[in-house]
Amino acid sequence: MNAPNLKRLKPLATALAGLAIVATVAGCDASEDADLENGRQLFIAQCGTCHYLNEAGTSSDIGPDLDAAFAAARASGQDQDTFEGVVEAQIENPREVAEDDPTYMPPGLVEGDDARDVAAYVASVAGVPGIEPPTAPGGEGGQIFANNGCGACHQLAAAESAGSVGPSLDDEIPGQDAAMVEQSIVDPSAELSQGFSDAMPGTYEESIEPADLDLLVKFLTTCAGTVEPGADGELEGPAFCFNEGE
Ligand code: HEC
Ligand code: HEC
């Protein structure tokens, strides 16, 4: 995978930490120091609702395309640390404009170590030529589920996700029809699931394309509660819920 030339200017940064960062990008264990996987998950949930970023699989066009924003600077050989600084500054101090201004970005969406992780993650992938998101479990629908960060908040066996901010979709979706599930995604505040706060982003109606939304709803109504580990521990369920060729 692409992790060119990673360097960080943290006081504890060592050659080893640099190697650990590369390992994280490649999908291995996160290092304590720079948690790019945490940065990636937070980016998908907090930033991907507005920004296109290829490696994250997010495709919203409410804010600027971050691959396009960094491609020229990357091609001209600008330093990774510079990118990281730019992203962190943008998270902390976006331009102060009215919320209905098209250039509005909410300040302080992530803070402290989380902000550093997000900045390090974006700096490591934005504008890298040819970079692609990792293939998610669950076939096409599972890819949309992953790309939109649903798994960070929801448990769903078919997507191999275990988030607990929102209800378990394996528990809640069986018995619901497509219209009900779609309503929960595009207008989550309309009717809150019992015992949960209004924590689900309200931007999916804008950020998920209609065809993708249909696939996502089909994935949820087909695969929630029906995909389970079989006797050998491998997940089993309707064929639609699995990547082809597996
Ligand atoms: C509600 C939508 C929204 C969210 C959520 C959001 N952004 Fe933004 N972002 C924008 C907009 C709009 C701009 C353009 C701001 C401007 O022109 O001043 C922007 C600009 C940026 C830029 C500068 C891009 C450039 O072309 O210079 C970066 C970097 C960035 N955002 C990163 C992030 C990160 C990281 C997060 C998550 C912590 C995030 N954004 C969350 C809307 C959003
Ligand atoms: C930041 C956390 C978060 C993210 C990201 C998130 N959700 Fe949710 N979701 C929640 C919470 C909290 C609730 C319960 C409150 C409510 O109903 O809005 C919820 C409720 C739901 C429900 C209703 C469940 C029920 O009880 O019937 C569905 C369906 C759902 N989410 C699907 C999704 C899908 C699909 C995505 C990705 C496109 C997603 N969520 C992303 C937090 C999240």
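**Helix α6 and the two ligand shells**

The buried residues of helix α6 are G139, G141, G142, Q143, I144, F145, A146 and N147. In this predicted model, α6 is thus described as mostly covered, with eight of its nine residues buried. The packing partners of these buried residues are β2, a strand spanning residues 58–59, and helix α10.

The arrangement of α6 and α10 was examined further. Helix α6 covers residues 139–147 and helix α10 covers residues 210–223; their axes lie 8 Å apart and form an angle of about 105°. The two helices are therefore roughly perpendicular to each other, because angles of 65 to 115 degrees are counted in that class. On the α6 side, the contact is made by E140, G141, G142, I144 and F145, which meet D212, L215, L216, K218 and F219 of α10. Sorted by class, the residues of this contact comprise five nonpolar, two polar and three charged. Among the α6 residues in the contact, G141, G142, I144 and F145 also appear in the list of buried positions. Just after α6, the backbone at G149 adopts a positive phi of about 75°.

A positive phi also occurs at E160, where the value is about 55° although this residue is not a glycine. Most residues other than glycine have a negative phi. E160 is located in the loop that links β3 (155–156) to β4 (161–162). With 15 other C-beta atoms within 10 Å, E160 is partly exposed, because the buried class requires 20 or more such atoms and the exposed class 12 or fewer.

Two ligands are present, and the surroundings of each were analysed. Around ligand 1 there are 22 residues, of which C47, C50, G63, A69 and M105 come nearest. Four elements give two or more residues to this shell, namely α2 (36–47), α3 (66–75), α4 (80–92) and α5 (112–125). The largest share, three residues, is provided by α4. In terms of class, the shell around ligand 1 consists of 15 nonpolar, six polar and one charged residues.

Ligand 2 is surrounded by 26 residues, and the closest are C150, C153, G166, S193 and F196. The elements that contribute two or more residues to its shell are α7 (169–172) and α8 (178–186). Here the largest share, three residues, belongs to α8. The shell around ligand 2 divides into 17 nonpolar, seven polar and two charged residues.

At the level of the whole protein chain, the secondary structure amounts to ten helices and six strands. The chain has 246 residues, 38% of which are buried. Of the contacts with a separation of 6 or more, 53% join residues 24 or more positions apart. The mean pLDDT of the chain is 86, and 86% of its residues reach 70 or more. Residues 1–32, in contrast, have a pLDDT below 50; this stretch has 47 contacts in the model beyond near neighbours in sequence.

Note on methods
Residues are numbered from 1 along each chain as its sequence is written. Chains are lettered from A and ligands numbered from 1 in the order in which they are written. This is a predicted model: local features need pLDDT of at least 70, side-chain atom pairs count only at pLDDT 80 or more; totals for chains, interfaces and linings use all residues. Axes are lines fitted to C-alpha atoms, for helices over the stretch in contact, and angles run from 0 to 180 degrees between N-to-C directions. Angles under 35 degrees count as roughly parallel, over 145 as roughly antiparallel, 65 to 115 as roughly perpendicular and the rest as oblique. Two residues are in contact if their C-beta atoms, placed from the backbone, lie within 7 Å. Ala, Val, Leu, Ile, Met, Phe, Trp, Tyr, Cys and Pro count as nonpolar, Asp, Glu, Lys and Arg as charged, and the others, Gly among them, as polar. pLDDT is the predictor's confidence in each residue, from 0 to 100. A residue is near a molecule or strand if its C-beta atom, placed from the backbone, lies within 6 Å of it.
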